[in-house]
Amino acid sequence: MFVDIVQNTIEGLAHGAAYGLIALGFTLMFGVMGRLNLAYGSIIMIGLYAGIFVQSRWHVHWMVVAGTVMACSVIAGIYVERLCFAPMRDGAAMASLVASFAIWMQLEEAAMLVLPRHSYPFPAPTDQVVIELGPFLLRGDHLVTLGTAALIMIILERLVQNSRFGLGLRAIAESPRAAGFVGQHVRRSLFLVFIIASMVGGVAGWLIASTNHQVSAMFGMWATYKGLVAAMLGGLGSMRGALAGGLLLGLVEAYSLWAFGPQIRDLSASLILFLLIVMRPGGLFGQKQAMLGAAARTRL
Amino acid sequence: MIDPFLIGVLSNIGMMSLLALSAYLLLLVGEVSFGQQAFFGVGAYAGGIATALWGCSLGVALLFAALMGAAAQLLVALPTLRLRGFYFSVATLAFAEAVRILFGLFHYRRDVDGRMMGPDGENGFRDVRYIYDHNMGGQDYMLIVWALVVAVLLIFMLLEFSRYGPRLRMIGEDDIMAGLNGIHVTRYKLATSVAAGALAGLSGGLYIHAVTYVEPGVFGMMLGVHTLAYGLIGGLGTALGPLIGVLIDIGFLESFHGLSQYRMVIFGGIVVLLLIFRPRGLLDEVLVNRLNRLFWRGR
């Protein structure tokens with residue numbers, strides 16, 4: 001019993017780190033733009049599918065695959081930004097939301113047309129490393145995911161809090177117009193944020209795919225969904241919250257999988273999201289309520 | 001006798017129009033719902049259970065489907081009505097996914113005339129053969145569907161001419177201002193939600209009888225994005241808008257063989273381009289007003 005609980009906690013934290021990574025990208029984009037990018041998961045999926053395509057064609061080194069995943073995620077990210085976010089007028093956050101929802105489905109269908117099988121194997125850089133600690137099993141790649149998530153969180157938080165670029169981003173988050181008046185290149189900054197978020201997504205996608213050794217057609221939906229729940233759990237716009245929310249979601253899912261089985265696990269993510277929005281829209285660690293309020297008042 | 005393929009397409013357009021009108025109704029009061037497909041699913045299961053398991057007639061089954069859809073939407077509307085903007089959208093999306101997973105766990109099997117019937121989890125709900133058992137042709141069924149669509153459209157027209165239509169649009173434009181002008185915003189939004197749920201449920205009830213089966217995968221997010229997009233493509237100025245959206249998608253993209261493969265790719269592109277260039281659709285309020293003035297000028 002005790003061993004089970006601890007082992008499930010380990011598993012939960014490992015999966016939670018992956019959720020947290022995706023949530024970081026979500027929260028970065030939302031924090032700066034005040035807009036939700038529902039196509040984020042499918043951006044990552046396009047990157048992964050490109051990686052699989054390159055791998056199956058030319059059997060390249062895993063580093064090349066990782067590079068392809070990142071590069072194609074960024075390209076897909078630029079496509080989404082140009083279509084769904086750049087052309088929408090100020091305050092039309094709902095238009096961006098609906099557009100990204102439509103592009104999500106479009107990218108998913110496009111990926112399925114190119115690679116129609118249900119799932120594809122994905123190459124891992126090394127063989128499975130399992131560390132045994134008494135009765136508990138720790139997987140090496142899970143540790144790498146957790147470490148990378150923490151590292152990216154620290155880098156992003158440094159970037160936002162301690163750099164000139166980050167100062168500009170915070171100004172834009174506060175008020176894009178005022179930031180423009182004091183000489184910020186608002187559009188360029190938003191574009192850069194999108195590229196950074198897509199790169200983070202690429203790293204997250206590659207880590208998750210190589211831990212699972214496969215990518216399925218459901219990946220885009222899975223990533224958007226889990227990332228969104230994690231980011232909202234921690235409060236949209238907060239980096240630490242995103243990682244904490246991811247870990248929390250991972251734990252909840254691990255326990256509900258252990259206690260009730262896979263379908264209830266999937267259900268729990270949806271129910272958490274619904275209850276969270278109804279009861280605590282600012283996230284469990286609720287902050288930046290004022291900014292969230294402004295974002296919520298926009299309409300189509 | 002009309003070509004059966006054409007009949008199939010026409011009844012499909014009718015059913016999807018009802019679903020699109022339910023999302024359109026919510027768009028009128030300014031709520032972007034990503035979850036109308038859940039109430040479609042509720043309606044489909046309710047309608048199927050009524051005819052296949054309880055032996056009700058089609059009319060009763062459709063009424064039951066609409067009622068269940070309305071009840072389900074009321075259940076969601078009560079906690080979510082005070083949410084605005086994307087919070088409402090994401091909440092409806094989460095709810096719809098939860099409903100889809102729940103129907104995957106839903107088992108309700110009964111022995112009907114020596115056969116086990118009813119919803120069977122992930123396998124869905126099969127053999128709802130009411131219209132075949134009662135010797136209704138596809139053509140008759142299509143007529144029933146379109147009679148309902150026309151009736152609903154007439155109600156929408158009456159709504160536009162009455163004082164309620166403008167009030168709904170006022171809430172959609174700015175609910176605080178609408179409240180200041182003496183409109184009971186919560187009451188109107190609740191009534192709109194119930195009506196939208198009933199429309200989605202009715203559409204689901206019609207759907208399961210037309211195709212004889214439904215499974216949780218049918219009402220996934222893909223259906224949700226279409227439902228919402230129909231109104232946004234066709235325009236928010238008139239209830240004919242969603243119909244135009246459905247015609248473009250099913251009548252044009254899905255029914256031509258070369259195009260159907262790329263349906264979602266093209267459709268997604270159309271939605272985004274329209275959101276950029278005509279955020280309130282082809283037939284938006286401005287154009288509808290202009291047409292109205294042109295039409296009524298001589299009288």
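**The chain A–chain B interface and buried features of chain B**

In this predicted model, 49 residues of chain B are in contact with 44 residues of chain A, contact being defined as heavy atoms within 4.5 Å. The area buried between chain B and chain A comes to about 4,000 Å², and carbon and sulfur atoms give 80% of that value; buried area here is the accessible area (1.4 Å probe) that two parts lose on being put together, summed over both. On the side of chain B, the residues that lose the most area to chain A are Phe86(B), Tyr87(B) and Met221(B), which together account for 17% of what that side buries.

A word on conventions is useful here. Residues are numbered from 1 along each chain as its sequence is written, while chains are lettered from A and ligands numbered from 1 in the order in which they are written. Because the model is predicted, local features need pLDDT of at least 70 and side-chain atom pairs count only at pLDDT 80 or more, whereas totals for chains, interfaces and linings use all residues; side-chain values use heavy atoms, with hydrogens and water left out.

Turning to polar interactions, the count of salt bridges between chain B and chain A is zero, a salt bridge being a side-chain nitrogen of Lys or Arg within 4 Å of a carboxyl oxygen of Asp or Glu. Two residue pairs in polar contact are found across the interface of chain B and chain A, both at pLDDT 80 or more. For this purpose, a polar contact is a pair of N or O atoms within 3.5 Å; within protein, one must be able to donate a hydrogen and the other to accept it, and residues adjacent in sequence count only if both atoms are side-chain atoms. The side of chain B that touches chain A receives at least two residues from each of α3 (58-80), α4 (85-104), α7 (164-173), α10 (221-234) and α13 (263-277) of chain B. Helices (H or I, at least four residues) are DSSP runs, numbered from the N terminus. The most is given by α4(B), with 15 residues. Sorted by class, this side of chain B has 31 nonpolar, 10 polar and eight charged residues, where Ala, Val, Leu, Ile, Met, Phe, Trp, Tyr, Cys and Pro count as nonpolar, Asp, Glu, Lys and Arg as charged, and the others, Gly among them, as polar.

Helix α7(B) also has buried residues, namely Gly165(B), Leu168(B), Arg169(B), Ile171(B) and Gly172(B). These cover an arc of only 155° around the axis, which puts them on the same side of α7(B); the arc is that of the directions from the helix axis to the C-beta atoms. Buried means under 20% relative accessible area, exposed over 50%, and partly exposed in between (1.4 Å probe, protein chains only). The packing partners of the buried α7(B) residues are α1 (4-28), α6 (138-161), α8 (175-180), α9 (185-211) and α14 (285-296) of chain B.

One residue of helix α9 of chain B is Tyr188(B), which counts as buried at 15% relative accessibility. Leaving aside residues up to four places away in sequence, Tyr188(B) touches Tyr164(B), Arg167(B), Leu168(B), Ile171(B) and Ile183(B). Between Tyr188(B) and Arg167(B) there are 8.6 Å in space, C-alpha to C-alpha, and the two are 21 residues apart in sequence.

Across all chains, the structure holds 14 salt bridges. Side chains of opposite charge can pair when their charged atoms come close. In one of these bridges, the side chains of Arg169(B) and Glu160(B) meet at 2.8 Å, N to O; Arg169(B) is buried, at 17% relative accessibility, and Glu160(B) is partly exposed, with a relative accessible area of 27%. Another salt bridge joins Glu285(B) to Arg280(B), with the closest N and O atoms 3.0 Å apart, and Arg280(B) is partly exposed at 25% relative accessibility. Glu160(B), Arg169(B), Arg280(B) and Glu285(B) are linked in a network of salt bridges. Asp249(B) and Arg263(B) also form a salt bridge, their closest N and O atoms being 2.8 Å apart. Asp249(B) lies in helix α11 (residues 240-254) of chain B and Arg263(B) in helix α13 of chain B, so this pair ties together parts that are 14 residues apart in sequence. Asp249(B) is buried at 0% relative accessibility, and Arg263(B) is buried at 19%.

Positive phi values in residues other than glycine are found at His59(A), near 50°, and at Thr212(B), near 70°. His59(A) sits in the loop between α2 (40-58) and α3 (62-85) of chain A and is exposed, with a relative accessible area of 62%. Thr212(B), in the loop between α9 and α10 of chain B, is buried at 14% relative accessibility.
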